[in-house]
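User: I'm new to reading protein models. Could you pick one part, look at it closely with me, and then show me what surrounds it?

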Amino acid sequence: MASKKFILWFNQIGIKDVSKVGGKGASLGEMYRKLSAQGVPIPNGFAVTAEAYDYFVTVTGLKKQIKQVLQGLDTHDIHSLQSAGQKIRQLIIAADFPADLKKYIAAAYQKLSATYKIKNVDVAVRSSATAEDLPDASFAGQQDTYLNVEGNAELLEACRRCMASLFTDRAISYRHDKGFDHFKVKLSITIQKMVRSDLACSGVMFSIDTESGFRQAVLINSIYGLGEYIVQGMVNPDEFYVFKPTLKAGKNAIIGRRLGSKKIKLVYDSKSRTNTKKMAVTPAEQNKFALTDREVMQLARWAVDIEQHYKKPMDMEWAKDGRTGKLFIVQARPETVVSQEDPNTLTEYKLAHSGKVIVEGASVGNKIGQGTAHIILNAKQIDQFKKGEVLVTEMTDPDWEPIMKIASAIITNSGGRTCHAAIISRELGIPCVVGTRNGTDRIKNGQLLTVSCAEGERGRVYQGLLKYNIKKTNLRQIKKPQTKIMMNVGNPETAMQDSFIPNDGVGLAREEFIISNYIRIHPLALLNYGKLKDQSAKKQIAKLTASYKNKARYFVDKLAEGVATIAASFYPKDVIIRLSDFKSNEYANLIGGRAFEAIESNPMIGWRGASRYYDSKYLPAFILECKALYKVRQDMGLKNLKIMVPFCRTIEEGKKVLKIMADNGLVRGRDGLQVYVMCEIPSNVILATEFSKIFDGFSIGSNDLTQLTLGVDRDSELVAHVYDERNEAVKTLIRQVIKTAKKMHRKIGICGQAPSDFPDFAQFLVGEGIDSISLNPDTVIKTMIAINQTERKLRRRRKKR
């Protein structure tokens, strides 16, 4: 029957039907048939098939005309490409559908309208190319979509325009570069019940971290209104990370969230139903997340269901209907970039030295690029762009792709990590910094730039051409030693990427980076916000905590999310979080901090570590810290988190701290909670047997242990030449505490700087029988090789005996 060749309903389509209905149509049909029953809601619809497209271009004579236009086309010649694309699109839009095809489309539309009991149901009309979303070729976003279409006449016009969009400039260029025959890629059209996200919110989500390739997290972006602005990079979206293993266990698995500015939204123009307009978002809405936690968790569960069904990481679009309040999945396709990378090859980009930062934004990828800045503010200027330049612009759209692929790096004022510029840069392997806000103002045309995406989530644009190194490691060739190799991690932004380095967990997770970079406010300033006299600090706090009525809750949530991101990145391996160990001068530098901190002549051996926690002047702040760690372990379900007490001078101090922790739900021994103590004061070594009775293990802090053993202020340049972790006095204390820990059946590791700086020191520790060595991520591989050599020597010696 001819209608079945030209029209297929979602319940007639499966994933194997890409050749009939394109990647988008096949995926929607597959989900509608297989996942709707599992609770994943997909709006119903039908597809106008690729065969219908072929019929249309053949019967009307369009195929011959298009071939003539494309003959001998050089896609790198921007003028020729634009001229050819425009001519082909005009030919298709001007052509009329054959009468029988018109009839079949109209009949299917009326049937869909009847299903929803609406005379002319509002539909979304989306292009679906037959080569779309193959594992190594992302065609997504290259063809057009038309929303809120009603009535037969509007629907047929939208269908023609979708077919014309198979020959946009970027689609022609993309197919040419990927080696696809223009006529082997055909176009189907999906016609689906409209979700009125213009009245609510919409966004995208991935079942994999798009930057690191970490597969245990769902990344969700959300904005108000229609989803076009998120892809176009017009809006900086909200961002959520949800951890899959604890989500499946029923826990509150949101391990990270970032409030986007969301200053504008795209809605329908009340004067013209299918036309859209930009609308300002109220300050109150900007300071709120577009989704509730419950909705984030629901979307994440659907992402997991979809990924499990397809057995691969997925890139999905979702929308919330403002009329019904219900969430829907409106598209899903395989993630085609980071999931294709070789997990056994570790490629690291690293700046040899820092420089002057011009602007910052969100980083895309983990590479470094360099070149001459070329500021382009509209598409009419793109033919001026030269290969190897750094593209600097407000934002990009698909028409810019021909120049994006020849750029050495890309910088945009707007957008988040799922905007068009980010998606294409990621696919092309080009470093990109999005959402700089004022890059086009701060950067000058012709300026030499280094664009670094190798420093975590923050991408930085440096002045000049800075030297950098690229290091590739074949992880198959690295044998893990018997001694556990853990890592020192303080920055949650790099944790997922760091997790790919061979490791046995995190021996030192630092709170200080999270507090100074994420929270930025002294905890007592938050607890005493209403009484603060420093009006400048109060103003800064009000801005940072705008979405929080309870200011102290801000500290708990942000600290919990930072710690949870690190714990999740290495789950189920142990992650040992050290309680805050700022000195008084460092605490004073936090916003509002000067009102709560004394001026000490030598803060290095002053009011720090354990002595703070039980002091009535700081106790309320320490309780916030305990609440944050309780939230990570109990609410989020990250039981791999262990806790470590720093700078604990006496047994009595240790007992006081453990009591406060227990009073706030952190009971040593309950739910597998282990509490370690830093061994960084000579008293920790001398009384190691007694400390072993109240703690589960030790982590040697070689920095402070050296300072206090040799009586050297490690901040003083005058005596820096005396400071040496390899001094025999220091090594004697380390030998002693390892021996005592073994005798008391307590775990002992080291997290100080020495093993990272001196491979021979790491070899000394192995020889003494230390359980674990925690290293800076960039030194793991070389130290692991050295430790393997030491262990081999020790085995030979034992055999000789």
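Analyst: Let's begin with a stretch to treat with care: over residues 132-141, pLDDT (the predictor's confidence in each residue, from 0 to 100) stays under 50. The model has 29 contacts for this stretch beyond four places in sequence, where contact means heavy atoms within 4.5 Å. Where pLDDT is low, the predicted coordinates should not be read in detail. The chain as a whole has a mean pLDDT of 92, and 98% of its residues reach 70 or more.

Two reading notes will help. This is a predicted model, in which local features need pLDDT of at least 70 and side-chain atom pairs count only at pLDDT 80 or more, while totals for chains, interfaces and linings use all residues. Residues are numbered from 1 along each chain as its sequence is written, and side-chain values use heavy atoms, with hydrogens and water left out.

Now to our close look, strand β7, which covers residues 217-224. Strands here are DSSP runs of E with at least two residues, and helices are runs of H or I with at least four, numbered from the N terminus. β7 belongs to an open sheet of 6 strands in the order β9-β8-β7-β6-β12-β13, with antiparallel pairing. The edges of this sheet are β9 (254-258) and β13 (327-334), each of which pairs on one side only. Neighbouring strands are turned by 20° against each other on average, direction ignored.

Who are the partners of β7? Two strands count as paired if DSSP finds at least two bridges between them. On that basis, β7 pairs with β8 (residues 238-243) over 6 bridges in the antiparallel sense, and β6 pairs with β7 in the antiparallel sense, also over 6 bridges. L219 is a handy landmark: Y241 in β8 stands opposite it, and so does F206. Another opposite pair is A217 and F243 in β8. In general, strands of a sheet pair through backbone hydrogen bonds, either parallel or antiparallel.

Is β7 covered or open? Mostly covered: 8 of its 8 residues are buried, meaning under 20% relative accessible area with a 1.4 Å probe on protein chains only, whereas exposed means over 50% and partly exposed lies in between. A217, L219, N221 and I223 are buried on one side, and V218, I220, S222 and Y224 are buried on the other.

Next, the helices lying on this sheet. Angles here run from 0 to 180 degrees between N-to-C directions, using axes fitted to C-alpha atoms, for helices over the stretch in contact. Helix α12 (residues 293-310) lies across β6 (201-206), β7, β8, β9, β12 (314-320) and β13, at about 35° to β13. In the loop between α12 and β12 you will find K311, which has a positive phi of about 60° although it is not a glycine. K311 is exposed, with a relative accessible area of 72%. Most residues other than glycine have a negative phi, and most peptide bonds are trans.

Helix α20 (residues 551-569) lies across β8 and β9, at about 125° to β9. To see what else α20 touches, look at the closed barrel of 8 strands, β23-β24-β25-β26-β27-β28-β29-β30, with parallel pairing. The twist in this barrel averages 30° from one strand to the next. α20 packs on it, touching β23 (484-489), β24 (506-510), β25 (575-578) and β26 (641-645), and its direction makes about 155° with that of β25. The loop between α20 and β25 holds P572, and a cis peptide bond with omega of about 5° joins Y571 to P572.

Finally, α20 has a place in the interior. A nonpolar core is a set of buried Ala, Val, Leu, Ile, Met, Phe, Trp, Tyr and Cys residues joined through side-chain atoms within 4.5 Å. The largest one has 119 residues, and those with the most contacts inside it include F622, I700 and I773. α20 gives the most to this core, with 11 residues. A second, separate core of 46 residues includes L81, F97, M163 and F183. In soluble globular proteins, nonpolar side chains tend to be buried together.
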